Amino acid sequence: TSVRAALVLVAFDIPYMADGISCSSYLGVGLVVDRAAGLVAVDRNTVPIALGDVLVTVGGSQEVPGRAVFCHPVHNLALVQIDPAAVDQPIAEARLAGRRAAPGDCLNFHGLTSSFVPVFQRPIVTKVERIRLRDSKPPQYMTTNAEVIHFDKVASCVGGAFTNDEHEVVAHWFSFAYTEDGERKEIFRGMDSSIVKGVLDQIRESYSPSPTAGP
């Protein structure tokens, strides 16, 4: 499907430790959400800060350099950007749904392993609730007061996306980081795609030309 073709692997390396970051190398799954602009949505456990080197693997075969262009101050979301002209294969763009996930929904899960092996499942939404994570020490970015989506089963992978039967992305399977007893840990939860859609709409609006004022 086009959603599976829009999944990419994102590697992020940090040259200098900052903002309480305790790890220098990260790997996760991103989703191409704007093909023309080369924008890829990824979690902040993969791209925790904007200062770092981004390498995006497209189609499991081509590595393309990118850059972090946005880290959401509240939600577990970052955007990285690649040059579409540098990719020598077709790039798919995911369509984001306008409807939120609700308990009882049966969705299609498309994910990737760290070796770019695709996985597929039909999980059911079990509940939607606010995420609760322990405070990190040393202090660093951590998602709080945000709703996450739970599912009855999701295959082991490093990220992915949930779609409805119209192939629209309803939620992202993102990694949430926290620290416990001095050790860095992570859990995977679903994040509603409306958060990504809202950010994209604001970005597109800021770049759209202003209407010419009349006389």
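**A buried strand residue and an aromatic cluster**

Val-33 is found in strand 2, which covers residues 25-34. The model discussed here is a predicted one, and Val-33 makes a convenient place to start looking around it. With a relative accessible area of 2%, Val-33 is buried, because residues count as buried under 20%. Its neighbours come from several parts of the sequence. Leaving aside residues up to four places away in sequence, Val-33 touches Leu-39, Ala-41, Glu-93, Ala-94, Leu-96, Val-196, Leu-200 and Arg-204. One of these partners, Leu-96, is 63 residues from Val-33 in sequence, yet the two C-alpha atoms are 7.9 Å apart in space.

For the chain as a whole, the secondary structure consists of two helices and 14 strands. Of the 215 residues in the chain, 47% are buried. Contacts that span long stretches of sequence are well represented: among those between residues at least 6 apart, 62% join residues at least 24 apart. The accessible surface of the chain amounts to about 10800 Å², and carbon and sulfur atoms account for 50% of that area.

The aromatic side chains deserve a visit next. The count of aromatic pairs comes to six. In one pair, Phe-109 and Trp-173, the ring centres are 6.4 Å apart and the planes meet at 75°, so the arrangement is edge-to-face; the cut-off for that label is over 60 degrees. Phe-109 belongs to strand 8 (residues 108-112) and Trp-173 to strand 13 (residues 168-180), so this pair ties together parts of the chain that are 64 residues apart in sequence. Both partners are covered: Phe-109 is buried at 0% relative accessibility, and Trp-173 is buried with a relative accessible area of 10%.

Trp-173 also forms an edge-to-face aromatic pair with Phe-162, at 5.6 Å from centre to centre and with 85° between the planes. Here Phe-162 sits in strand 12 (residues 160-163) and Trp-173 in strand 13, and the pair links distant parts of the chain, with eleven residues of separation. Phe-162 is buried, as is Trp-173. The wider picture is a cluster in which ring pairs link Phe-109, Phe-151, Phe-162, Trp-173 and Phe-188.

Strand 8, the home of Phe-109, is worth following along its length. Five of its five residues are buried, and both faces of the strand are covered. On one side lie Asn-108, His-110 and Leu-112, while Phe-109 and Gly-111 occupy the other. Strand 8 runs antiparallel to strand 12, and four bridges join the two; Asn-108 stands opposite Thr-163 of strand 12. Strand 12 is also where Phe-162 of the aromatic cluster is found.

Strand 8 has a second antiparallel partner in strand 9 (residues 118-121), again joined by four bridges. His-110 stands opposite Phe-120 in strand 9. Strand 8 and strand 9 form a hairpin with five residues between the strands, where Phe-116 takes a positive phi near 70°. Strand 8 can thus be traced on the model through its bridges to strand 12 and to strand 9, with Phe-109 joining the ring cluster.

Terms used: Residues are numbered from 1 along each chain as its sequence is written. This is a predicted model: local features need pLDDT of at least 70, side-chain atom pairs count only at pLDDT 80 or more; totals for chains, interfaces and linings use all residues. Side-chain values use heavy atoms; hydrogens and water are left out. Buried means under 20% relative accessible area, exposed over 50%, partly exposed in between (1.4 Å probe, protein chains only). Contact means heavy atoms within 4.5 Å. Rings of Phe, Tyr and Trp (its six-membered ring) pair if their centres lie within 6.5 Å; planes under 30 degrees apart count as stacked, over 60 as edge-to-face and the rest as tilted. Two strands pair if DSSP finds at least two bridges between them. Accessible areas come from the Shrake-Rupley method with a 1.4 Å probe; for residues, only the protein chains shown count as cover.
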